Amino acid sequence: MASAAVAAPAKAVPKSRTGLPSWAWALPPVAVLGMVFLYPLALVVQQSFRPDTGGTSAQAYGDVFASSAFREALGTTVWLALGSTVGCLVLGFVLALVIAFVPFPGGKAVARFIDVFLSFPSFLITLALLFIYGTVGMANGLWTDVTGAAEGPFQFLTTPWGVLLAEITYFTPFVVRPLLAAFSGIDTAQLEVASSLGARPARIVRRVILPEALPALAAGGSLVLVLCLNEFGIVLFTGAKGVTTLPMLVYSKAILESDYPGACVVAVVNVLVSVGFYGLYRVVSGRVGA
């Protein structure tokens, strides 16, 4: 007796309650993402291959890569971003430890202020530093009033160190906020047991608190790294003429020199550097947290 072959039924496409396939619901957000982000980015990439003389050419890439201004801007951008990220991680971890585990009057108010601080524009913090440490700021004014000197000693704000200070000041709360959320989930009984067994505060931080904080440090650090790589307002408002980052170079080429293909080349490189460093940071932080 011949056996009858039974064909397996084809898998039906899952549908929602409205009768539409589930993949259809992904089309609106993908379309919005394409119009708002991917399409402008594609235009920037396209413009980088369109020289002012017409046609299609990679000459703009060669000209930009051969210029010393681009190489200096790339190096300045990378070291400022890395230095700011390290500074924010260290300072943010210490501040979060104090706020979360050291009882003091106004601790909750400080934590709430950090939430408000996150909404401040970067140039506002830079202006505050200028009022304090600028050439005619409060610190220099107090020094000249007391000593009678012609000018004060605080002249670092228009140097790379001033930009570094401004970025650490502004971006540290982006590390503190996720750390405070992570510390709120730590059982204080673990800390009390470790302390009763004779563990010193440094050992408790290293063995109990730090492992719980690693995911939050990775999240805050990766965010700060990307933001610092693309920061424009802080560098502009500090007035650091000798400090040129990739975003500043884009502004200079597009607005001051009217070199739009060159500006688009720098913008493309800036995007690639940001994505590359972000991916590298996530890989390293994932291995550390594993």
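Contact in this report means heavy atoms within 4.5 Å. The model is predicted, so that local features need pLDDT of at least 70 and side-chain atom pairs count only at pLDDT 80 or more, while totals for chains, interfaces and linings use all residues. Residues are numbered from 1 along each chain as its sequence is written, and side-chain values use heavy atoms, with hydrogens and water left out.

**Leu 191 and Trp 161**

Helices (H or I, at least four residues) are DSSP runs, numbered from the N terminus. Leu 191 belongs to helix H9, which spans residues 188-196. Apart from neighbours within four places in sequence, Leu 191 is in contact with Phe 101, Ile 204, Val 208 and Ile 209. For one of these, Ile 204, the C-alpha atom lies 6.9 Å from that of Leu 191, with the two positions 13 residues apart along the chain. The relative accessible area of Leu 191 is 14%, which means that this residue is buried; the term buried applies under 20% relative accessible area, exposed over 50%, and partly exposed in between (1.4 Å probe, protein chains only).

Trp 161, in helix H7, is exposed at 58% relative accessibility. Leaving out neighbours within four places in sequence, Trp 161 has contacts with Trp 79 and Phe 156. Between Trp 161 and Gly 141, 20 residues apart in sequence, the C-alpha to C-alpha separation is 21 Å.

**Packing of H7 and H8**

Two packed helices are described by the angle between their axes and the distance between the axes. Helix H7 (residues 160-171) packs with helix H8 (residues 173-183) at an angle of about 30°, and their axes are 5 Å apart. H7 is therefore roughly parallel to H8, a term for angles under 35 degrees, whereas those over 145 are roughly antiparallel, 65 to 115 roughly perpendicular and the rest oblique. Axes here are lines fitted to C-alpha atoms, for helices over the stretch in contact, and angles run from 0 to 180 degrees between N-to-C directions.

On the H7 side, the contact is made by Thr 169, Tyr 170 and Phe 171, and on the H8 side by Pro 173, Phe 174 and Val 175. These contact residues divide into 5 nonpolar, 1 polar and no charged.

**Buried positions in H2 and H12**

In helix H2 (residues 59-66), the buried residues are Ala 60, Tyr 61 and Val 64. Their arc around the axis is only 100°, so they lie on the same side of H2; the arc is that of the directions from the helix axis to the C-beta atoms. An α-helix has 3.6 residues a turn, so residues three or four places apart point the same way.

In H12, the buried residues are Leu 246, Pro 247, Met 248, Leu 249, Ser 252, Lys 253 and Ala 254. Just after H12, Ser 258 takes a positive phi of about 55°, although Ser 258 is not a glycine. Ser 258 lies in the loop between helix H12 (246-256) and H13.

**Asn 270, Gly 233 and the cysteines**

Asn 270 is part of helix H13 (residues 260-289). With neighbours within four places in sequence set aside, Asn 270 is in contact with Leu 229, Asn 230, Leu 246 and Pro 247. Among these partners, Leu 246 and Pro 247 are buried residues of H12.

Gly 233 is found in helix H11 (residues 233-238). Its C-alpha atom is 42 Å from that of Leu 191, and the two residues are 42 residues apart in sequence.

The structure holds 0 disulfides, a disulfide being a pair of cysteine sulfur atoms within 2.5 Å. For Cys 228, the closest cysteine sulfur is that of Cys 88, at 5.8 Å, which is too far for a bond.

The table lists relative accessibility for further residues.

| Residue | Relative accessible area | Class |
|---|---|---|
| Cys 228 | 5% | buried |
| Asn 270 | 6% | buried |
| Cys 264 | 14% | buried |
| Gly 233 | 15% | buried |
| Ser 258 | 42% | partly exposed |

Technical notes. Helices (H or I, at least four residues) and strands (E, at least two) are DSSP runs, numbered from the N terminus. Ala, Val, Leu, Ile, Met, Phe, Trp, Tyr, Cys and Pro count as nonpolar, Asp, Glu, Lys and Arg as charged, and the others, Gly among them, as polar.
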